[in-house]
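Colleague: I should be grateful for a close look at the ligand site of this model, and at the parts of the chain that are linked to it. Please set out the contacts and the exposure of the residues concerned.

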Amino acid sequence: MTPMQNEWPNFSGVPEDDILTLPRPRGQTLARWIWWNGDIREASRQSVHYYANALHYGTAVFEGIRCYPTDDGPVLLRLEDHIERLQRSARLYGMQVSYDAETLQAACVEVTRKNRISDGYLRPLVYFGEGPIDLKPKRACPVHVFIAIRELGTFLGEGALRNGVRVTISSWRKFHHTMLPTMAKASGHYANNVLAAHEAMDRGYDDAILLNQDGTVSSATGQNIFFVKAGRLVTNDETSSIVPGITRDCILRLAEEDFHMPIEIRSFTREDLLRADEIFMTGTAAEVTPVRELDGVEFATGRNTAAAALQRAYLRAVTGKDPQRADWLTRV
Ligand SMILES: Cc1ncc(COP(=O)(O)O)c(C=O)c1O
């Protein structure tokens with residue numbers, strides 16, 4: 001018995017199925033059809049005006065939603081929660097969205113069905129369109145909404161889910177929630193993440209973790225951070241200027257309800273991470289990705305880790321193999 005199995009005997013009870021080895025799309029092929037301002041259109045015929053306010057000032061909000069194959073056909077994961085977050089993000093930026101939640105949810109289903117995609121990623125995006133050169137787009141710019149979809153397999157590369165990734169602490173700090181509303185998924189906020197991701201790539205790492213100004217950890221460029229130390233699962237919350245992820249919420253529920261793990265929600269430091277037994281990251285695109293190295297320090301990955309058990313439980317749930325989590329899934 002490993003220490004992990006002693007701590008949580010039911011970790012070893014997670015069935016070893018073949019979810020990790022299921023064939024998944026290798027590319028990110030764009031779909032033919034897009035939902036655009038109310039109807040399904042040929043995607044290649046749509047364009048964004050060169051004076052769209054969003055292009056100049058980052059005034060767009062968006063979501064990323066996964067579509068998974070199940071035995072009963074494709075499903076969208078936590079659709080209601082994603083649409084609710086989109087609406088809250090739009091409201092924060094003064095965008096009047098002409099479509100209600102039910103319409104946007106139905107549109108996500110429709111565009112997925114129309115493109116016959118089962119392993120995919122939806123990108124609903126709301127943006128301020130063309131208008132005068134000023135910083136008050138809510139006064140004169142139209143609000144456009146589209147929902148695009150493309151194929152997506154594993155996000156951080158083949159093997160990332162199984163073997164983990166190498167990450168570095170970025171020299172770029174995360175902006176504080178008093179500077180921009182960090183809980184909103186707004187395009188302009190992502191310039192910070194792009195700088196950090198480029199820096200990580202240039203240093204030869206897979207991804208970066210951004211610290212807050214006070215030295216506590218915020219998140220990775222598109223993922224929330226968890227660590228496991230002495231049998232406890234730790235993650236931070238919105239007071240650490242994170243986007244509180246929907247995947248994060250899934251993992252917290254699985255950890256509590258299926259594994260009865262002790263959970264601590266608190267801010268933590270780089271040192272906490274370096275002293276952890278395991279680190280992993282969660283996000284719609286990256287799913288549950290273990291971290292095998294943080295700036296030269298190695299961490300446990302693979303069988304008998306908490307991350308692997310939570311990852312398997314998550315992948316089972318999102319592919320319709322966990323009846324208790326059927327309410328996370330919307331059938332297409
Ligand atoms: C900065 C950031 N943090 C966290 C997340 C994870 O959120 P979710 O699990 O809802 O995809 C994302 C991705 O959406 C993100 O971009």
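Modeller: The account below begins at the ligand and then moves outward to charged pairs, backbone geometry and the surface. The model is a predicted one, and the values that follow are computed from it.

The ligand is surrounded by 15 residues, and the closest are Lys185, Tyr190, Ile246, Thr247 and Thr284. Several polar side chains approach its oxygen atoms. For Lys185, a polar side-chain atom is 2.6 Å from an oxygen atom of the ligand. In the side chain of Thr247, an N or O atom is likewise placed 2.6 Å from a ligand oxygen. Arg85 also takes part, with a polar side-chain atom 2.9 Å from an oxygen atom of the ligand. Taken alone, the ligand would expose 380 Å², of which the protein buries 95%.

Thr247 merits separate attention. This residue belongs to helix α8, which covers residues 246-257. Thr247 is classed as buried because its relative accessibility is 4%, and the limit for that class is under 20%. Besides the ligand oxygen, the side chain of Thr247 has a polar atom 3.1 Å from the backbone nitrogen of Thr284. Leaving aside residues up to four places away in sequence, Thr247 touches Thr282, Gly283, Thr284, Glu287 and Tyr314.

Glu287, one of those contacts of Thr247, leads to a charged pair. Arg66 and Glu287 form a salt bridge in which the closest N and O atoms are 3.9 Å apart. This pair joins distant parts of the chain, since Arg66 lies in strand β4 (residues 65-68) and Glu287 in strand β15 (residues 287-294), 221 residues apart. Both partners, Arg66 and Glu287, are buried.

The search of the whole structure finds 18 salt bridges. One of them pairs Arg232 with Glu264, with the closest N and O atoms 2.5 Å apart. Here too distant parts of the chain are linked: Arg232 is in strand β12 (residues 232-235) and Glu264 in strand β13 (residues 263-265), 32 residues apart. Arg232 is partly exposed, at a relative accessible area of 36%. Another salt bridge joins Arg266 to Asp272, with 3.6 Å between the closest N and O atoms. Arg266 is partly exposed at 31%, and Asp272 is partly exposed at 24%.

A network of salt bridges links Arg78, Asp81, Asp249 and Arg253. Within that network, Arg78 is also notable for its backbone. Most residues other than glycine have a negative phi. Arg78, although not a glycine, has a positive phi of about 50 degrees. Arg78 occupies the loop between β5 (75-77) and α3 (79-92), and it is buried, with a relative accessible area of 6%. Asn37 provides a second case, with a positive phi of about 45 degrees. Asn37 sits in the loop between β1 (33-36) and β2 (39-42) and is partly exposed, at 23% relative accessibility.

Finally, the surface. Tyr50, Tyr51, Tyr57, Ile133 and Leu135 make a nonpolar patch of about 610 Å². Tyr57 lies in helix α2, residues 53-57, and is partly exposed, with a relative accessible area of 39%. Lys136 is found in the loop between β6 (120-128) and α5 (137-140) and is partly exposed, at 48% relative accessibility. The C-alpha atoms of Lys136 and Asn53 are separated by 9.4 Å, although these residues are 83 residues apart along the chain.

Methods. Residues numbered from 1 in each chain as written. Predicted model: local features only at pLDDT ≥ 70, side-chain atom pairs only at ≥ 80, totals over all residues. Heavy atoms only, no water. Patch = residues over 30% accessible without salt bridge, like charges linked within 9 Å, V, L, I, M, F, W, Y side chains within 5 Å. Areas by Shrake-Rupley, 256 points an atom, 1.4 Å probe, with all protein chains shown as cover. Salt bridge = Lys/Arg side-chain N within 4 Å of Asp/Glu carboxyl O. Helix = DSSP H or I, 4+ residues; strand = E, 2+ residues; numbered from the N terminus. Buried < 20%, exposed > 50% of the residue type's maximum accessible area, 1.4 Å probe, protein only. Polar contact = N/O pair within 3.5 Å; in protein donor to acceptor, adjacent residues only side chain to side chain. Contact = heavy atoms within 4.5 Å. Near = heavy atom within 4 Å.
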